[in-house]
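Reader: I would like to go through this model with you and ask, for each label you attach, what justifies the label.

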Amino acid sequence: MALQIWINGEFFSKEDAKISVYDRGLLYGDGIFEGMRCYNGKVFRMEEHLKRLWESARSILLPIPIDIQSMAKAVNETLSTNKITDGYIRLIVTRGSGSLGLDPFETSNPQVIIIADHIALYPKELYEKGLEIITAATIRNHSAALNPRIKSLNYLNNIMAKIEGLKAGCQEALMLNHKGDIAECTGDNIFLVKEGHLYTPPADAGILDGITRKAAIEIANEVGIEVSEIALTRHDVFTADECFLTGSAAEIIPVVKVDDRPIGTGKPGPITQQLLSKFQELTRS
Ligand code: PMP
């Protein structure tokens, strides 16, 4: 059976799952989304993802046409219809279609789309060997322009940096904020380890407040590793003992080289490995 996509309460096969070319999600990136993981038939931290989706919606003044409970039910229904127990869910809400003008209040038909699919992970060997990344020249969106805490459909900022990374032969790229401090990577949050202490940029550094980031902080606290959410510079990255990224798709992935500087020993470090295995226990249990 072809993959079934949920659109506004109905299932359509992948080929027939379509929305208008006048949709503002397409015309302007006017909408929001979430990316979630499902392990053993259970969506990891769905409540937190839905809370973030609703917060993104409030921030851009987008009325989501269904309530949180119905959304959660629809997500689970999409997974069961597609018989997916371990996979990835993409939840999208666009502002809908109107005329070609900018006025967002001309439209009143937000589109809610749920896609459940299997996930294309980074190759397993990257989790063992670690990633090499570069710093992109493209800075992360200024919070006063388009706050990175809004998970909006406009990801061009991240895509520009991703292009820089890929052109340099790297799967991820580090983005700085307008102050020149470390923000995050194009689709992942960043952590450093120095002398047994964990560091990550604060939520107001111009980052998406990642749900995997929060899980990593909780795991660190549980195993007695202290965590500081403070402003960090590239110097802190270059002189760190360990570095790793977090994200729903990537989970926890070690970084071993940044801008050609080996991080620590140039191999995934012990704290990264400890947090990665605890995270896997948490999600697979
Ligand atoms: N930063 C950005 C820009 C992202 O798009 C994502 C999600 N892919 C993350 C961080 C990680 O967030 P989460 O752990 O909630 O998936």
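Reader: Are Arg-37 and Glu-251 buried or exposed?

Author: Arg-37 is buried, and so is Glu-251, where buried means under 20% relative accessible area, exposed means over 50%, and partly exposed covers what lies in between, with a 1.4 Å probe and protein chains only. Please keep in mind that this is a predicted model, in which local features need pLDDT of at least 70 and side-chain atom pairs count only at pLDDT 80 or more, while totals for chains, interfaces and linings use all residues. Residues are numbered from 1 along each chain as its sequence is written, and side-chain values use heavy atoms, with hydrogens and water left out.

Reader: What makes the contact of Arg-37 and Glu-251 a salt bridge?

Author: The term requires a side-chain nitrogen of Lys or Arg within 4 Å of a carboxyl oxygen of Asp or Glu, and the side chains of Arg-37 and Glu-251 meet at 3.5 Å, N to O, so the pair satisfies the definition. This pair links distant parts of the chain, since Arg-37 belongs to strand β3 (residues 31–39) and Glu-251 to strand β14, 214 residues apart. Strands here are DSSP runs of E with at least two residues, numbered from the N terminus.

Reader: Why is Asp-30 called buried, and with which residue does Asp-30 form a salt bridge?

Author: Asp-30 has a relative accessible area of 10% and is therefore buried. Its salt-bridge partner is Arg-24, with the closest N and O atoms 2.8 Å apart, and Arg-24, at a relative accessible area of 4%, is likewise buried. A search of the whole structure finds 18 salt bridges.

Reader: Why does Asp-209 count as partly exposed?

Author: Asp-209 has 28% relative accessibility, and therefore counts as partly exposed, whereas Arg-213, at 3%, counts as buried. The side chains of Asp-209 and Arg-213 meet in a salt bridge of 3.3 Å, N to O. Elsewhere, salt bridges that share partners join Arg-45, Glu-48, Lys-214 and Glu-218 into one network.

Reader: Why is strand β14 described as largely enclosed by the rest of the structure?

Author: Strand β14 (residues 251–258) has eight residues, of which seven are buried, and so it is largely enclosed by the rest of the structure.

Reader: How do you know which strands pair with β14?

Author: Two strands pair if DSSP finds at least two bridges between them. Strand β7 (residues 131–135) pairs with β14 in the parallel sense over three bridges, with Leu-131 having Val-255 as its bridge partner. Five bridges join β13 to β14 in the antiparallel sense, with Thr-246 opposite Ile-252, and a hairpin connects β13 to β14 through three residues. Two bridges join β14 to the antiparallel strand β15 (residues 261–262), and in the hairpin of β14 and β15, which has two residues between the strands, Asp-259 takes a positive phi near 50°.

Reader: Why does Leu-245 count as buried?

Author: Leu-245, found in strand β13 (residues 242–247), has 0% relative accessibility and therefore counts as buried.

Reader: Why do β2 and β4 stand at the edges of their sheet?

Author: The open sheet of six strands has the order β2-β1-β6-β5-β3-β4, with antiparallel pairing. In that order β2 (10–13) and β4 (42–43) each have a single partner strand, so one side of each is left without a neighbour in the sheet. Strand β1 (residues 4–7) pairs with β2 over four antiparallel bridges, and the bridge partner of Gln-4 is Ser-13.

Reader: What makes the contact of Tyr-155 with the ligand a polar contact?

Author: A polar contact is a pair of N or O atoms within 3.5 Å; within protein, one must be able to donate a hydrogen and the other to accept it, and residues adjacent in sequence count only if both atoms are side-chain atoms. A polar side-chain atom of Tyr-155 lies 2.5 Å from an oxygen atom of the ligand, and a side-chain N or O atom of Thr-212 lies 2.6 Å from a ligand oxygen. The ligand taken alone exposes 400 Å², of which the protein buries 93%, with accessible areas coming from the Shrake-Rupley method with a 1.4 Å probe and, for residues, only the protein chains shown counting as cover.

Reader: Why is Leu-102 called exposed?

Author: Leu-102 has a relative accessible area of 63%, and is therefore exposed; this residue lies in the loop between β5 (87–94) and β6 (111–117).
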